[in-house]
Amino acid sequence: MPATQGGQYERPHRPASPEDASPADRRSAIRQAALRLFAAQGYRSTTMTDIGAAVGIRGPSLYKHVASKHELLAEIMIGTMEQLIADNTAAVAGADGVCEQLRRSVEAHIRYHARHRLEAFVGNREIGSLERPDQDRVLSRRSDYERRFRELIERGAAEGVFQVQSARIASYSILDMGIGVASWFHEGGELSVDQLAYQYGDIALRIVGARLEGVSYEWGAGAPAHI
């Protein structure tokens, strides 16, 4: 994520002219430029002229590829939620048992937010900028995504594997942890994305009080406590 030392997002540099690019490539370049600009200066402060300048397309030519900046924002935000849901579906499908399914779900959540920091930042800051019905579409997908975590936690509690007072609060806590990763994680730091995801999986299991094969995940200990 392009950020200055003060934590502010940098305005993207103008790339080379895209005249030789295919329409699909131009559309992708426009979307990426809009994403960077929305993160750097906010949706409302970004103009179509800014977006066109960032990809080397002037005036009316930009409208051959995209109808409005709102269309770009909606595409970015809906696409983000659809990718999170797809990643979650794949993670759960490849895991056995509620504990492993929750761990894999959390790992997928963390990986996305570590690798798609601009999308996460814009998605959370600009929800109020979306007009209906696009805002409703995003909110519906968010509810679906949260419900997947909550239902896993509820199932684990019903099976006696998790010990948690509120599945909803636990799911919100786990999701908020992942969202926070987008604000501070940088590739090449102390931990790789996979290492980070695994550690967050452990934390999530502690949040729900998971009990696994003689191991109890509880807060207040540096490692799982044997029972």
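These exercises, each with a worked solution, concern a predicted model of one protein chain.

**Exercise 1. Overall layout**

Task: State how many helices and strands the protein chain has, and in what order the elements run.

Solution.
- Step 1. Count the elements: the protein chain has 8 helices and 3 strands.
- Step 2. Read them from the N terminus: α-α-α-α-α-α-α-α-β-β-β.
- Step 3. Turn to burial. Of the 227 residues, 45% count as buried.
- Step 4. Turn to contacts. Take those with a separation of 6 or more; residues 24 or more positions apart account for 66% of them.

**Exercise 2. Helix 2 and the residue after it**

Task: Find which residues of helix 2 are buried, then give the sign of phi at Gly 56.

Solution.
- Step 1. Helix 2 spans residues 48–55.
- Step 2. Apply the cut-off: buried means under 20% relative accessible area.
- Step 3. The residues that pass are Met 48, Asp 50, Ile 51, Gly 52, Ala 54 and Val 55.
- Step 4. That makes 6 of 8 residues, and helix 2 is mostly covered.
- Step 5. Gly 56 follows helix 2, and its phi is positive, near 75°.
- Step 6. For background, most residues other than glycine have a negative phi.

**Exercise 3. Helix 3 against helix 4**

Task: Describe how helix 3 and helix 4 pack, giving angle, axis distance and handedness.

Solution.
- Step 1. Locate the pair: helix 3 covers residues 69–93, and helix 4 covers residues 98–115.
- Step 2. The packing angle is about 145°, and the axes lie 8 Å apart.
- Step 3. The crossing is right-handed.
- Step 4. List the contact residues. Helix 3 brings Thr 80, Gln 83, Leu 84, Asp 87, Asn 88, Ala 91 and Val 92. Helix 4 brings Gln 101, Arg 104, Ser 105, Ala 108, His 109, Tyr 112 and His 113.
- Step 5. Sort the residues of this contact by class: 5 are nonpolar, 7 polar and 2 charged.

**Exercise 4. Helix 5 against helix 7**

Task: Repeat the analysis for helix 5 and helix 7.

Solution.
- Step 1. The two axes come within 9 Å and cross at roughly 115°.
- Step 2. The crossing is left-handed.
- Step 3. Arg 117, Ala 120 and Asn 124 in helix 5 meet Ile 179, Ala 182, Ser 183 and Trp 184 in helix 7.
- Step 4. By class, the contact of helix 5 with helix 7 has 4 nonpolar, 2 polar and 1 charged.

**Exercise 5. The largest pocket**

Task: Give the volume of the largest pocket and characterise its lining.

Solution.
- Step 1. The volume is about 330 Å³.
- Step 2. The lining holds 18 residues; nearest the centre lie Met 81, Asn 124, Arg 142, Tyr 145 and Ile 179.
- Step 3. Elements giving two or more residues are helix 3, helix 4, helix 5 (117–125), helix 6 (134–158) and helix 7 (167–184).
- Step 4. The lining splits into 9 nonpolar, 5 polar and 4 charged residues.
- Step 5. Cross-check with helix 5 and helix 7: Asn 124 and Ile 179 are also among the residues of their contact.

**Exercise 6. Around the start of helix 6**

Task: Identify the peptide bond between Arg 132 and Pro 133 as cis or trans, then classify Asp 134 as buried or exposed.

Solution.
- Step 1. Omega is about 10°, and the bond is cis.
- Step 2. For background, most peptide bonds are trans.
- Step 3. Pro 133 sits in the loop between helix 5 and helix 6. Asp 134 belongs to helix 6.
- Step 4. Asp 134 has a relative accessible area of 16%, so Asp 134 is buried.
- Step 5. Beyond its neighbours within four places in sequence, Asp 134 is in contact with His 70, Ala 74 and Ile 78.

**Exercise 7. Two residues, two settings**

Task: Classify Leu 73 and Tyr 172 by accessibility, and place each beside a partner distant in sequence.

Solution.
- Step 1. Leu 73 is in helix 3. Its relative accessible area is 0%, so Leu 73 is buried.
- Step 2. Outside four places in sequence, Leu 73 is in contact with Phe 38, Tyr 43, Val 122, Glu 126, Ser 129 and Leu 130.
- Step 3. Leu 73 and Arg 31 are 42 residues apart in sequence, yet 8.5 Å apart C-alpha to C-alpha.
- Step 4. Tyr 172 is in helix 7. At 38% relative accessible area, Tyr 172 is partly exposed.
- Step 5. Tyr 172 and Arg 150 are 22 residues apart in sequence and 8.4 Å apart C-alpha to C-alpha.

Terms used. Residues numbered from 1 in each chain as written. Predicted model: local features only at pLDDT ≥ 70, side-chain atom pairs only at ≥ 80, totals over all residues. Heavy atoms only, no water. Axes fitted to C-alpha atoms, helices over the stretch in contact; angles between N-to-C directions. Helix = DSSP H or I, 4+ residues; strand = E, 2+ residues; numbered from the N terminus. Left-handed = near helix turned anticlockwise from the far one by under 90°. Contact = heavy atoms within 4.5 Å. Nonpolar A, V, L, I, M, F, W, Y, C, P; charged D, E, K, R; others polar. 1 Å grid on protein atoms, 1.4 Å probe; cavity = no way out; pocket = protein on both sides within 12 Å on 5 of 7 lines; lining within 4 Å. Points joined across faces, edges and corners; volume = space filled by probe spheres on them. Buried < 20%, exposed > 50% of the residue type's maximum accessible area, 1.4 Å probe, protein only.
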